[in-house]
Amino acid sequence: MVGRRRLGREFGWLWTSYAVSAYGSGLGFGALPLIAVLVLHAGPAEVSVLSATGPAVGALIAVPLAPWVEFRRKRPVMIMMDLVRFAAMATIPVAYAFGRLGFVQLLVVSAVIAAAKIAFNAAGGAYLKALVRPDDLLVANARFESTNWSSIAVGPPLGGAAIGLLGPVTTVVADALSYLLSALGITAIRHQEEAPRTTGKSPVQAGALLDGWRHIMGHPGLRPLYLNQMLVAGLIMATEPLLAVLLLRQLGFPPWQYALVFAAPCLGGLIGSRLAGRVVARFGRHRVLRTVGTLRAVWLIGLVFVRPGVVGLVTVMAVELAIIVNMSLYSPVLATYRLEHTPQHLVARTLTAWSIGQQASIAVLTALTGLLADITSPRTALTVAGLLILATPLLLPRQDQTSRHEPELSRSHS
């Protein structure tokens with residue numbers, strides 16, 4: 001059973017640290033766009049710029065970080081990135097307290113958080129591969145996925161209530177402290193990490209910077225999965241600032257209802273992530289990637305039909321639930337396949353390249369949909385995003401691309 005397998009004390013510390021950070025981020029879900037709307041009175045274009053520019057600049061910063069992460073022990077890198085995120089987030093409540101909070105600061109913090117997150121995830125993926133057995137990777141990834149969605153289910157309603165009672169930057173404080181606690185948890189891990197293998201070349205040379213992309217684009221299974229993921233993630237995330245403006249400003253939903261429509265469907269993430277191992281065991285990895293990867297994309301168009309009142313709330317929650325169940329089943333299977341098909345000495349660079357591509361896609365598509373919403377309306381931009389995502393299943397790999405080197409994964413989880 002995926003949910004009951006014991007992965008050891010060291011993994012327990014890693015999972016606990018991830019959970020603390022995830023629940024802190026859940027409390028602060030959408031905090032920066034929300035602050036931009038409620039405190040700085042930003043419009044659709046500004047909110048989209050905030051949501052797009054931060055991740056885009058963060059992705060650029062992360063490019064030279066990839067080989068730097070690769071050629072260092074991963075646990076200290078993870079601790080450092082947690083501390084960087086703590087420091088960056090802590091500047092927001094300080095500036096707000098002194099009446100100095102501005103839009104540029106939100107942009108800078110967003111960029112730093114994005115870059116540190118990419119570096120942390122790259123180091124974390126490489127560390128996980130060294131920490132657990134190969135046949136436990138899907139179990140571990142499913143647990144991270146389950147934790148992620150449960151944190152979003154619990155965090156935003158509590159965050160919305162905290163904002164209503166204690167002010168708009170309350171959840172930012174909680175998010176900052178969660179990174180500090182995560183760093184302390186990772187420090188408690190006593191796993192003896194081997195020194196990374198070096199090539200004798202400078203880690204900042206162009207070859208080292210591009211090795212992750214070379215591996216992805218040269219692999220017959222990873223390449224289509226990468227292109228598909230960039231577009232799907234970009235189009236889904238591009239709807240977040242559009243919905244913030246549509247629900248909060250145009251349809252008049254209060255912040256707690258805005259948080260609720262995203263939080264409640266995240267319980268579906270517990271369902272999908274816990275089923276991942278069993279579904280792969282029964283149907284095989286390729287059918288999961290192909291079928292569930294398609295099902296992620298067909299629901300987004302439903303956001304076009306959001307209306308005021310209870311019907312609008314139910315519509316958003318139903319669409320989000322359908323997307324999340326499929327995403328939470330798909331993501332750990334994809335993450336496991338990616339780790340299994342990446343050599344250990346390329347894991348950090350490959351994961352960084354993957355994250356940068358995804359962040360860049362989110363940034364570009366968020367900016368474009370924000371511009372379209374400013375010219376037309378948020379509902380029109382949602383329609384365009386919902387129609388475009390329907391074409392993304394065409395990029396999913398064929399049978400021979402993901403099963404050519406199919407490991408004994410499915411049988412190990414039966």
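I began by settling what counts as a helix: helices are DSSP runs of H or I with at least four residues, strands are runs of E with at least two, and both are numbered from the N terminus. With that in hand I looked up A142, which lies in helix α6.

**Ground rules.** I noted that this is a predicted model, in which local features need pLDDT of at least 70 and side-chain atom pairs count only at pLDDT 80 or more, whereas totals for chains, interfaces and linings use all residues. I number residues from 1 along each chain as its sequence is written, and side-chain values use heavy atoms, with hydrogens and water left out.

**Confidence.** I checked pLDDT, the predictor's confidence in each residue from 0 to 100, and found a mean of 85 for the protein, with 92% of its residues at 70 or more. Among the elements, α4 has the highest mean pLDDT, 94, and helix α17 (residues 409-412) the lowest, 38. The pLDDT is below 50 over residues 407-414, a stretch that has 20 contacts in the model beyond near neighbours in sequence; a contact here means heavy atoms within 4.5 Å.

**Overall form.** I counted 17 helices and 0 strands in the protein. The C-alpha atoms fill a box of roughly 50 × 45 × 40 Å, taken along the principal axes. I then compared the radius of gyration, taken over C-alpha atoms, with the globule rule of 2.2 Å times the number of residues to the power 0.38: a compact globule of 414 residues would have a value near 22 Å, and the 20 Å of the protein agrees with that. Of the contacts with a separation of 6 or more, 88% join residues 24 or more positions apart.

**Surface.** I took buried as under 20% relative accessible area, exposed as over 50%, and partly exposed as in between, with a 1.4 Å probe and protein chains only. On that scale 56% of the 414 residues count as buried. The protein exposes about 17100 Å², of which carbon and sulfur atoms supply 66%; such areas come from the Shrake-Rupley method with a 1.4 Å probe, and for residues only the protein chains shown count as cover.

**Domains.** I found the protein divided into domain 1 (7-189) and domain 2 (207-398), with bounds that come from an automatic or database domain assignment. The C-alpha centres of the two domains lie 18 Å apart, and their contact takes 46 residues from domain 1 and 49 residues from domain 2.

**Helix α1.** I tested the length of α1 (residues 9-27), where the expected span is 1.5 Å times one less than the number of residues: its 19 residues should span 27 Å, and the end C-alpha atoms are indeed 27 Å apart. Its buried residues are E10, F11, L14, S17, A19, S21, A22, G24 and G26, and their cover includes α4 (74-97), α5 (103-131), α6 (137-166) and α7 (170-187).

**Helix α10.** In α10 (residues 255-263) I listed Q257, Y258, A259, V261, F262 and A263 as buried. What covers them includes α2 (31-38), α6, α9 (222-250), α11 (267-283) and α13.

**T350 and T342.** I found T350 in helix α14 (residues 347-375), where its relative accessible area of 0% makes it buried. Leaving out residues up to four places away in sequence, T350 touches G212, H215, I216 and T342. T342 lies in the loop between α13 (309-340) and α14 and is also buried, at 4%. Beyond its neighbours within four places, T342 is in contact with K129, H215, L222, V347 and T350, so H215 appears in both of my contact lists.**R190, V173 and A142.** R190 sits in the loop between α7 and α8 (206-218) and is exposed, with a relative accessible area of 53%. I recorded its contacts with E10 and R75, not counting residues up to four places away in sequence. The C-alpha atoms of R190 and I236, 46 residues apart along the chain, are separated by 39 Å. V173, in helix α7, is partly exposed at 34% relative accessibility, and its C-alpha atom is separated by 42 Å from that of L394, 221 residues away along the chain. Returning to A142, I found this residue buried at 3% relative accessibility, with 20 Å between its C-alpha atom and that of E320, 178 residues away along the chain.
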